[in-house]
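Please open the model in your viewer and keep a selection panel at hand. The stops below go from one residue to its surroundings.

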Amino acid sequence: MAGASSRDIRLKMCVQRKGDSGAIAPYRKADFPHYYEADIAHVTSEEFSALLGFAPPEGKWNVKKPLGYDDTIGQGKYKNGFGRFLYLFVRAARRICFFFGKPIAANNVMFAMNLPYRQLTLLLGGRIDNGMLDGILTMANGRFFAGVRQTFQAWRQKKKKERRRRHGGED
């Protein structure tokens with residue numbers, strides 16, 4: 001079917017194609033017995049890995065590992081200091097939204113909780129850059145004052161670049 005929209009179909013045509021009866025199944029039944037029997041509750045890890053073609057990542061996050069660009073604000077729950085503060089701040093903002101009867105705003109706050117740190121630069125509309133994000137991650141990983149210094153230096157550099165760009169200078 002072809003048309004300007006779903007309500008304005010101008011051309012209709014039936015197409016039939018004969019299937020290939022000699023097609024080979026991509027997976028052998030002996031290798032994936034639980035899938036062939038639709039018994040997905042008992043699929044083994046080996047069977048799942050063979051189906052994926054690679055070993056899936058670990059199911060649990062290592063809470064001792066420092067936070068990075070791919071980690072979320074929600075993972076700050078397991079950190080001390082600024083990482084936990086960010087987590088608790090976002091959680092409190094969500095509860096406040098629910099208290100005032102704003103469930104959509106509360107869900108948007110929850111979206112921010114599960115957003116990777118690398119997306120903060122986009123979420124904040126360019127107000128922070130990667131240098132400042134590095135400082136924020138340093139603070140979240142327990143080195144608060146070093147992170148503040150790093151964030152402040154990156155902010156100053158960003159302002160200098162913006163000033164040069166506004167006045168016609170090169171980067």
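Which residues does Ile128 touch, not counting residues up to four places away in sequence? Select Ile128 together with Leu120, Thr121, Leu133, Ile136 and Lys158, which are the residues that Ile128 touches beyond that sequence window, a contact being heavy atoms within 4.5 Å. Before going further, note that this is a predicted model, in which local features need pLDDT of at least 70 and side-chain atom pairs count only at pLDDT 80 or more, while totals for chains, interfaces and linings use all residues. Residues are numbered from 1 along each chain as its sequence is written, and side-chain values use heavy atoms, with hydrogens and water left out.

Next, select Ile73, Leu86, Tyr117, Leu120, Ile128, Leu133 and Ile136, which touch the most other members of the largest nonpolar core, a set of 20 residues. Such a core consists of buried Ala, Val, Leu, Ile, Met, Phe, Trp, Tyr and Cys residues joined through side-chain atoms within 4.5 Å, where buried means under 20% relative accessible area, exposed over 50%, and partly exposed in between (1.4 Å probe, protein chains only). Two or more residues of this core come from each of α3 (82-99), α4 (103-113) and α6 (130-140), and α6 gives the largest share, with 6 residues; helices are DSSP runs (H or I, at least four residues), numbered from the N terminus.

Now move to Lys158, in helix α7, which is buried because its relative accessible area is 14%. Apart from residues up to four places away in sequence, Lys158 touches Gly126, Arg127, Ile128, Asp129 and Met132.

Finally, select Val148, found in helix α7 (residues 144-166); Val148 counts as partly exposed because its relative accessible area is 35%. Val148 and Gly135 are 13 residues apart in sequence, and their C-alpha atoms are 6.3 Å apart in space.
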